Amino acid sequence: MSYLDYCVSKDITIREAMNVLDKVSPQIVFILNDGQLIASLTDGDIRRYLLKGGNITDCVEAAGNMNPRCAKDEDEAIRMYHLINFVAVPIVDINGKIIDIYFGNEGKTGRLGNLGLPVVINAGGKGTRLEPFTKILPKPLIPVGDMPITEHIIEQFDKYGCDEYHIIVNYKKELIKAYFVDSNSKHNISWYDENKPLGTGGGLCYLKGKIDKTFFFTNCDNLLLSNYESMLRFHRENNNVITMVCAYKNFTIPYGVVEMGVNGSIKDMKEKPEMSFLTNTGIYLVEPEVLEDIPDEEFIGFPDIIEQQMKAGKKVSVYPVSENDWLDMGQLSELERMRIRLYGK
């Protein structure tokens with residue numbers, strides 16, 4: 001990949017820049033004006049801008065870091081990279097134009113943090129959207145590549161030092177448990193059997209008294225490749241009882257759209273406009289006090305639990321992530337996309 005792949009024009013929108021960020025690793029781009037470096041941009045820069053009320057259709061320059069650090073040659077870039085722990089250091093000529101980018105040359109350890117938080121996985125649903133596969137295998141064991149989705153989820157949390165797992169099961173629960181026993185899983189898993197379907201939130205009633213600190217809660221068909229450490233920092237800095245992770249989903253209307261004015265006049269026309277929505281990924285950070293408000297053995301969705309907390313005056317916030325960082329295998333059409341993102345082919 002060329003260093004030019006990490007460069008974008010100041011005239012593009014934030015949404016267009018997000019599409020570029022999704023394609024590069026590490027996820028950083030540099031904003032240019034006639035070839036000159038004027039700003040850097042990461043997903044964190046975009047998130048902070050959006051949380052302040054910005055819009056993804058705004059000019060990318062509005063969200064960028066307008067004081068990017070750069071080097072005049074590779075030797076200076078190497079010193080900067082190791083001194084301040086940059087993810088990338090642009091190298092510019094005497095006119096401020098990027099001529100290369102230094103990304104470091106050390107191997108990655110795979111360890112991304114040491115959060116030490118419990119993880120609760122809701123794996124009790126029937127997975128009707130994945131039929132006929134789920135007539136044979138429960139959704140948590142549907143393979144993505146050479147591993148079931150649940151194991152991919154656990155491995156991602158493992159990278160952040162999470163080593164305590166609580167899994168709520170119901171449909172074909174013995175198959176799910178047997179898989180982890182037969183595969184000699186080294187994960188520390190506690191199992192909770194639903195006696196009847198309890199929805200996306202009701203099974204949390206079994207966790208009362210079992211967890212005494214902030215925990216991750218996720219459905220078993222979602223995988224998030226964003227930075228969990230940043231999520232936790234956001235959650236704590238905002239004193240949330242629940243942080244809902246939401247992804248921007250972009251949809252292109254396959255028609256020309258007309259806005260009508262008075263007496264049938266044409267007020268505006270847009271050819272195949274793109275629209276963006278924040279969608280709930282089904283992944284949350286939750287404080288243990290929320291568990292005490294969940295009724296025992298009652299069917300309830302987690303969004304309903306969120307509404308109850310908000311009505312009680314508790315603070316709930318959204319943590320936005322890129323569409324490409326959220327992999328949802330709840331639909332058959334998404335299985336192949338998830339496999340390609342995880343395995344690269």
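Which element gives the most to the lining of the second largest pocket? In this predicted model, that element is strand E16, which contributes four residues to the lining. Strand E16 spans residues 274-286, and it is joined in supplying at least two lining residues by helix H6 (199-202), strand E11 (215-219), helix H8 (302-311) and strand E18 (326-328). The second largest pocket holds about 560 Å³ of space, and its lining is made up of 31 residues. Nearest the centre of this pocket lie Asn122, Gly125, Lys139, Thr200 and Asn219. By residue class, the lining comprises eleven nonpolar, 14 polar and six charged residues.

Salt bridges were examined next. Side chains of opposite charge can pair when their charged atoms come close. In total, twelve salt bridges are found in the structure, among them two that are formed within helix H2, as described here. In one of these, the side chains of Arg47 and Asp43 meet with an N to O distance of 3.6 Å. Because Arg47 and Asp43 are four residues apart in helix H2, which covers residues 43-51, about one helical turn separates them. Arg47 counts as buried, since its relative accessibility is 9% and the cut-off for burial is under 20%, whereas Asp43, with a relative accessible area of 26%, is partly exposed.

The other pair in helix H2 consists of Asp45 and Arg48, whose closest N and O atoms are 2.8 Å apart. Asp45 and Arg48 are three residues apart in the helix, so that about one helical turn lies between them. In this pair the acidic residue, Asp45, is counted as buried at 14% relative accessibility, while Arg48 is partly exposed, its relative accessible area being 48%.

A further salt bridge links Asp193 with Lys177, and the closest N and O atoms of this pair are 2.9 Å apart. Asp193 belongs to strand E10 (residues 189-193) and Lys177 to helix H5 (residues 173-182), so the pair ties together parts that are 16 residues apart in sequence. Asp193 is partly exposed, with a relative accessible area of 28%, whereas Lys177 is buried, with a value of 18%. The pairing of Asp193 with Lys177 also forms part of a wider arrangement, in that Lys173, Lys177 and Asp193 are linked in a network of salt bridges.

How values were computed
Residues numbered from 1 in each chain as written. Predicted model: local features only at pLDDT ≥ 70, side-chain atom pairs only at ≥ 80, totals over all residues. Heavy atoms only, no water. 1 Å grid on protein atoms, 1.4 Å probe; cavity = no way out; pocket = protein on both sides within 12 Å on 5 of 7 lines; lining within 4 Å. Points joined across faces, edges and corners; volume = space filled by probe spheres on them. Nonpolar A, V, L, I, M, F, W, Y, C, P; charged D, E, K, R; others polar. Salt bridge = Lys/Arg side-chain N within 4 Å of Asp/Glu carboxyl O. Buried < 20%, exposed > 50% of the residue type's maximum accessible area, 1.4 Å probe, protein only.
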